[in-house]
Amino acid sequence: YDAVPKLVEVLHDGNPLVRMRAIEALGGIGGKTAFRALLGLMDGDDPEILSAAEEALARIREEQGEEA
C-alpha cells in the first residue's frame with residue numbers, strides 16, 4: 001500500500017493514459033485513501049476518466065463494502 005500516495009499524485013498527471021492506469025491501480029488496491037482520491041475525480045469533465053473512476057469506486061465498494 002506504499003504505492004497509494006504516489007498513485008494519488010499521478011491522478012493529476014497531464015497524460016490521460018497515465019491517469020487511467022493510476023485509477024485502475026487504486027481500484028485494485030482499495031482502501032480509504034484510494035476511495036477518497038477517486039471520489040475527488042468525479043467532478044471532472046473527461047468522460048473516460050469519470051467512467052474509469054466510477055468503475056474503480058464500484059470495485060472498492062464490492063470488495064470492501066460501503067464503509068470505504
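Q: Helices are DSSP runs of H or I with at least four residues, numbered from the N terminus; which residue follows helix 4, and what is the sign of its phi?
A: The model is predicted, and in it helix 4 takes in residues 47-64. The residue that follows helix 4 is Gly 65, and its phi, near 85°, is positive.

Q: In which helix of the chain is confidence lowest, and in which is it highest?
A: Over the whole chain the mean pLDDT is 93, with 94% of the residues reaching 70 or more. Within the helices, confidence is lowest, at a mean of 95, in helix 4, and highest, at 97, in helix 2.

Q: How far apart are the end C-alpha atoms of helix 2, given its 14 residues?
A: Helix 2 runs over residues 16-29. At 1.5 Å a residue, its 14 residues should span 20 Å, and the separation of the end C-alpha atoms agrees with that expectation, being 20 Å.

Q: On which side or sides of helix 2 do its buried residues lie?
A: Met 20, Ala 22, Ile 23, Leu 26 and Gly 27 are the residues of helix 2 that are buried. They cover an arc of only 165° around the axis, so they lie on the same side of helix 2.

Q: Which helices do the buried residues of helix 2 pack against?
A: The buried set of helix 2 includes Ile 23 and Leu 26. These buried residues of helix 2 have three helices as packing partners, namely helix 1 (4-10), helix 3 (32-39) and helix 4.

Q: Which residue has a side-chain oxygen that reaches the backbone nitrogen of Glu 48 at the start of helix 4?
A: At the start of helix 2, a side-chain oxygen of Asn 15 comes to within 2.8 Å of the backbone nitrogen of Leu 17. At the start of helix 4, the backbone nitrogen of Glu 48 has within 2.9 Å of it a side-chain oxygen of Asp 46.

Q: Which exposed residues are carried by the face of helix 4 turned away from its buried side?
A: In helix 4 the buried residues are Ile 49, Ala 52, Ala 53, Ala 56, Leu 57 and Ile 60. They cover an arc of only 135° around the axis, which means that they sit on the same side of helix 4. The face turned away from that buried side carries the exposed residues Pro 47, Glu 48, Glu 55 and Glu 62.

Q: Which helix gives the most residues to the largest nonpolar core?
A: This core has 19 residues, of which Leu 11, Ile 23, Leu 26, Leu 38 and Leu 41 touch the most other members. At least two residues of the core come from each of helix 1, helix 2, helix 3 and helix 4. With six residues, the one that gives the most is helix 4.

Q: Which residues is Leu 41 in contact with, leaving aside its neighbours within four places in sequence?
A: Leu 41 is among the members of the largest nonpolar core that touch the most others. Once its neighbours within four places in sequence are set aside, the contacts of Leu 41 are Leu 11, Arg 19, Ile 23, Ile 49, Leu 50 and Ala 53.

Q: Is Glu 9 buried or exposed?
A: Glu 9 belongs to helix 1, and its C-alpha atom is separated by 9.3 Å from that of Ala 37, 28 residues apart along the chain. A residue counts as exposed over 50% relative accessible area. Because its relative accessible area is 53%, Glu 9 is exposed.

How values were computed
Residues are numbered from 1 along each chain as its sequence is written. This is a predicted model: local features need pLDDT of at least 70, side-chain atom pairs count only at pLDDT 80 or more; totals for chains, interfaces and linings use all residues. Side-chain values use heavy atoms; hydrogens and water are left out. pLDDT is the predictor's confidence in each residue, from 0 to 100. The expected span of a helix is 1.5 Å times one less than its number of residues. Buried means under 20% relative accessible area, exposed over 50%, partly exposed in between (1.4 Å probe, protein chains only). The arc is that of the directions from the helix axis to the C-beta atoms. Contact means heavy atoms within 4.5 Å. A polar contact is a pair of N or O atoms within 3.5 Å; within protein, one must be able to donate a hydrogen and the other to accept it, and residues adjacent in sequence count only if both atoms are side-chain atoms. A nonpolar core is a set of buried Ala, Val, Leu, Ile, Met, Phe, Trp, Tyr and Cys residues joined through side-chain atoms within 4.5 Å.
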